[in-house]
Amino acid sequence: MKINQLFAGAFAVLAVTLSSCERSFEDLEKDPNRPVNVPASLVLQGVESDLANNTGRPFSAEMRWNQFYCSNYNYYATNEYTWSSTPNHYNTLKNVVKMEEEAKRAGLADVNGYSALGKFFRAYFIDEMTKRVGDIPVSEALKGIENITPKYDNQKAVYVQILKWLEEANDNLAVLITQGQTVQGDFYFGGDLRKWQKAVNAFKLRVLISLSKKEAEGDLNVKTRFAEIIGNPTKYPLFEGLADNLEFKYNQFNKYPSNPDNFGFDATRQNMAKTYVGLLSDLKDPRVMVTCEPAGAALKAGKLPSDYSSFVGASSAEDLADMSEKAGRTNGAGFAPGVYSFQNRYRYYRNYTAENTFIVGYPEMCFNIAEAIHRGWATGDTETWYKKGIQASMSFYGIVNGSNTMTYSKTGGRDAADLANYTVNFNFDTYYAQDMVKYDGKTTKGLQQIISQKYAAFFMNSGMEAYFNWRRTGFPKFETGVGNGNSGRIALRWQYPVSERTTNSKNYNEAIGSQYAGKDDINDSVWIMK
């Protein structure tokens, strides 16, 4: 009996051995300790992280190009518009494809929460790239090894596809909401697809308003699409307040870029910019007191921190050596250094959470609707939406009618002993009655007011939307000069990624030939700006 058992065991081992020999090389090379599949919910979190971190974080280079603040120390950064390659979001889009595949692998239906959000992510990241460079691969992109040299779609076709994705995303989300569907892994809205649907439609308004120079293009149908969205809130729900924002919230691990850890590194190397500070201080706008410090030199000269003229920004076009000297100029004991305002020490360096960063925000949506009505794209009251945008932005910064307590640093430090408070009275009606604030009607000045207030609301959020709105409208006036580099000019586009020139050269050369006479020039204009 034991001999028979031994033979049986031997034959079993031999059978396993022989079957192992029949396995393919591809099977044998797989590492059982390395996962080849992950849940769609996990991939989603990586994509959502890129949404906030790869398109322009607070106090980043992008925010210098928005002319919100300046670098005064050229060892680390300049204020030049000497751009090279655009950020490449195709790696993120590959993860979007993987997220959709994993959702299907898990048994979800063809239309599911991940596939619906995937359409939004496609639209978002493709928009981020095309508005920087022009024509890009879309219809043949993301095919893997099936097509490693995708053709470039012209920019009009790209935006037709973006709008198609956003329409489908809204429709898919509407169906999923009626089914009570959610998504796992979503850290923006906790899987609430109703909130995502509002964000998708608010973003679509951003895309449509960015196409204002192409409002006559029949294939884009910009005006009709915009009017349809704001005229049918049942089909196209929109943000109703700040609580609906698509925004990134910081914590002790995912820290706001300016925080106690890097105060000693960059607090005095980053002063505020004239375009932003000048706009608000001229309007006697208390938002400047929340975000900025009064200039040390102004206080030394006897001005009060509650005086709007105490807030001074440097021209983003100033020679960097001059800016550095002025920003570091000693004002004596008890005063912060420099002749320029710095970012507010209490708001941005007190902790690790500072303020949420809008990706798509309610104030912007209000201004986009105001602009569309101003342009005659839809019916409605321009002034009402314009005022809603201003009031929402004021509310974000905690500005209220009546007395507002502001905090600043007397010495430039961030310790409690360095800080002091002052009060400022504010009345919205009085503020709004100012000539440069009160909506001027369907005039150039009226458009300037809408875009300028939108610019103020974009401070340290929404990536480079402040710049893109300036590029499209010319408002507010950006500073130009030697400090811009690029022969004193603000660049109008980015170059294509270097990898395209080397691995997809035929299609790359055809693209720059058809758009820019064969030169990948940062001073040329993309199609939507022509």
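Before the structure itself, a term: buried means under 20% relative accessible area, exposed means over 50%, and partly exposed is what falls in between, with a 1.4 Å probe and protein chains only. By that rule Asp261, at 49% relative accessibility, counts as partly exposed.

What you have in front of you is a predicted model, where local features need pLDDT of at least 70, side-chain atom pairs count only at pLDDT 80 or more, and totals for chains, interfaces and linings use all residues. Residues are numbered from 1 along each chain as its sequence is written, and side-chain values use heavy atoms, with hydrogens and water left out.

The overall picture, then. The protein chain has 530 residues, of which 54% count as buried. Its C-alpha atoms fill a box of roughly 105 × 55 × 50 Å along the principal axes. The secondary structure comes to 22 helices and six strands; these are DSSP runs numbered from the N terminus, H or I of at least four residues for helices and E of at least two for strands.

Now salt bridges, meaning a side-chain nitrogen of Lys or Arg within 4 Å of a carboxyl oxygen of Asp or Glu. A search of the whole structure finds 31 of them. Asp261, mentioned at the start, pairs with Lys255 at 2.6 Å, N to O. Lys255 is partly exposed too, with a relative accessible area of 28%.

A second pair is Lys438 and Glu383, with the closest N and O atoms 3.4 Å apart. Lys438 sits in the loop between α18 (428-432) and α19, while Glu383 is in helix α17 (residues 382-396), so this pair ties together parts that are 55 residues apart in sequence. Lys438 is partly exposed at 41%, and Glu383 is partly exposed at 23%. Elsewhere, salt bridges that share partners join Asp127, Glu128, Lys131, Arg132, Arg206, Glu364 and Glu465 into one network.

Within that network, which residue does Glu465 form a salt bridge with at 3.9 Å? The partner is Arg206. The two are 259 residues apart, Glu465 in helix α20 and Arg206 in helix α8. Both residues are buried.

Glu465 also brings us to the cavities. On a 1 Å grid over the protein atoms alone, a cavity is a set of points where a 1.4 Å probe fits but cannot get out; a pocket is an open set with protein on both sides within 12 Å along at least five of seven lines; and lining residues have an atom within 4 Å of a point. Grid points are joined across faces, edges and corners, and a volume is the space filled by probe spheres set on the points.

There are five cavities of 30 Å³ or more. The largest has a volume of about 130 Å³. Its lining has 14 residues, with Lys131, Ser210, Glu465, Phe468 and Arg472 nearest the centre. Helices α6 (113-133), α8 (193-210) and α20 (465-473) each supply at least two lining residues, and α20 has the largest share, at five. By class, that lining has six nonpolar, two polar and six charged residues. For the classes, Ala, Val, Leu, Ile, Met, Phe, Trp, Tyr, Cys and Pro count as nonpolar, Asp, Glu, Lys and Arg as charged, and the others, Gly among them, as polar.

The second largest cavity holds about 60 Å³. Its lining divides into seven nonpolar, five polar and no charged residues. The largest share of that lining, three residues, comes from β4.

On to pockets. The largest pocket has about 530 Å³ of space. It is lined by 25 residues, and Tyr90, Lys94, Ile148, Pro150 and Glu500 lie nearest its centre. Two or more lining residues come from each of α5, α6 and α21 (498-503), with α5 giving the most, four. The class split is 14 nonpolar, seven polar and four charged.

The second largest pocket has a volume of about 340 Å³. Of its 14 lining residues, Gly278, Leu279, Asp282, Gln448 and Pro476 are closest to the centre. Helix α11 (274-282) supplies five residues, the largest share.

Last, the surface. Tyr73, Tyr75, Tyr76 and Phe265 form a nonpolar patch with about 470 Å² of accessible area together. Patches are made of residues with over 30% relative accessible area and no salt bridge, with like charges joined within 9 Å and nonpolar side chains (Val, Leu, Ile, Met, Phe, Trp, Tyr) within 5 Å. Accessible areas come from the Shrake-Rupley method with a 1.4 Å probe, and for residues only the protein chains shown count as cover. Tyr76 lies in the loop between β1 (69-71) and α5 (90-105), and is partly exposed at 44%.
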